[in-house]
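Thanks for making the time this morning. I would like to walk you through one structure, beginning with a small detail of the backbone and working outwards from there to the way the parts of the chain meet.

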Amino acid sequence: MDFYYLPGSAPCRAVQMTAAAVGVELNLKLTNLMAGEHMKPEFLKLNPQHCIPTLDDNGFSLWESRAIQIYLVEKYGKDDKLYPKDPQKRAVVNQRLFFDMGTLYQRFGDYWYPQIFAKQPANAENEKKMKEAVGFLNTFLEGQEYAAGSDLTIADLSLAASIATYEVAGFDFAPYPNVAAWLARCKANAPGYALNQAGADEFKAKFMS
């Protein structure tokens, strides 16, 4: 199973943790976006949207990290703990996944990427929105160990990839004790978290130093 990725990418790291959780070995294909490897004809055949992560499972190609996570647990998961079959429990996992994509990870990028890639000054309003997103997660975690309840799910793996990036960027979690405690649990219990940490550290070394 070929996996086109960059280790510093939070969405790529979410997929790597999910693969570790279901016991799937990924054939890692480092993809240099700066060199335009994602625009080569052979890659465009796999993914006309030319983004990473991209998975090629014996001729079946899929992109968008959360879609890949769902595919991996539905095809290779040994039970439904990571992605419950119960409609309401699954709906909460989905909500957290979409929250990560559209709010938590998005707002990190809105604040940091103009500074990193366009050398723009920090935007105070975007910083406020980024902190608000972490506050939402802190509220979701009130009274429960993981993002969607008592069990670790793919929502935690996706969120943990994003929050690890916040962490290496120097975000202060002190005002968000539920997030800090949850992150510690993820570090201790999430399969493949060492890969997530290594990738986040690489992101820091490349872009935050």
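Let me begin in the loop between strand S3 and strand S4 (60–63), which is where Asn58 lies. Its phi is near 55°, and that is a positive value in a residue other than glycine. Please keep in mind throughout that what you are looking at is a predicted model, and that the local features I mention were taken up with a pLDDT of at least 70.

On the other side of strand S3 (54–57) there is a second backbone detail, since the loop between helix H2 (41–46) and that strand contains Pro53. The peptide bond leading from Ile52 to Pro53 is cis, its omega being near 5°.

Both of these details sit in a part of the chain that has a record attached to it: UniProt, in an unreviewed entry, gives the annotation "domain: GST N-terminal" for residues 1–80. Over residues 1–80 the chain is 39% helix and 20% strand, with 22 Å between the end C-alpha atoms. A further feature from UniProt, again from an unreviewed entry, is "domain: GST C-terminal", placed at residues 86–207. That span is 75% helix and 0% strand, and its end C-alpha atoms are 41 Å apart.

The domain assignment, for its part, gives domain 1 as 2–76 and domain 2 as 87–208, and these are the bounds I shall use from here on. Between the C-alpha centres of domain 1 and domain 2 the distance is 20 Å. To the contact, domain 1 gives 17 residues and domain 2 gives 24 residues.

How much area do domain 1 and domain 2 bury between them? The value is about 1,600 Å², of which 67% is on carbon and sulfur atoms. On the domain 1 side, the residues that lose the most area to domain 2 are Arg13, Met17 and Arg66, which together account for 42% of what that side buries.

Turning to the polar side of the matter, eight residue pairs are in polar contact between domain 1 and domain 2, counting those with both residues at pLDDT 80 or more. If we ask which elements give two or more residues to the side of domain 1 that touches domain 2, they are helix H1 (10–22) and helix H3 (65–76). H1 supplies the largest share of that side, with nine residues. By character, the residues of that side are ten nonpolar, four polar and three charged.

Finally, the salt bridges: the structure holds six, and the count between domain 1 and domain 2 is two. One salt bridge in the structure joins Glu74 to Arg90, where the closest N and O atoms are 3.0 Å apart. Another brings together the side chains of Arg66 and Asp100, with an N to O distance of 3.0 Å. Since Arg66 lies in helix H3 and Asp100 in helix H4 (residues 87–117), the pair ties together parts that are 34 residues apart in sequence. Arg66 thus comes up twice in this talk, having already been named among the residues of domain 1 that lose the most area to domain 2.

Notes: Residues are numbered from 1 along each chain as its sequence is written. Side-chain values use heavy atoms; hydrogens and water are left out. Domain bounds come from an automatic or database domain assignment. Contact means heavy atoms within 4.5 Å. Buried area is the accessible area (1.4 Å probe) that two parts lose on being put together, summed over both. A salt bridge is a side-chain nitrogen of Lys or Arg within 4 Å of a carboxyl oxygen of Asp or Glu. A polar contact is a pair of N or O atoms within 3.5 Å; within protein, one must be able to donate a hydrogen and the other to accept it, and residues adjacent in sequence count only if both atoms are side-chain atoms. Helices (H or I, at least four residues) and strands (E, at least two) are DSSP runs, numbered from the N terminus. Ala, Val, Leu, Ile, Met, Phe, Trp, Tyr, Cys and Pro count as nonpolar, Asp, Glu, Lys and Arg as charged, and the others, Gly among them, as polar. UniProt positions are given in the numbering used here, feature names are shortened, and annotations may be inferred rather than shown by experiment.
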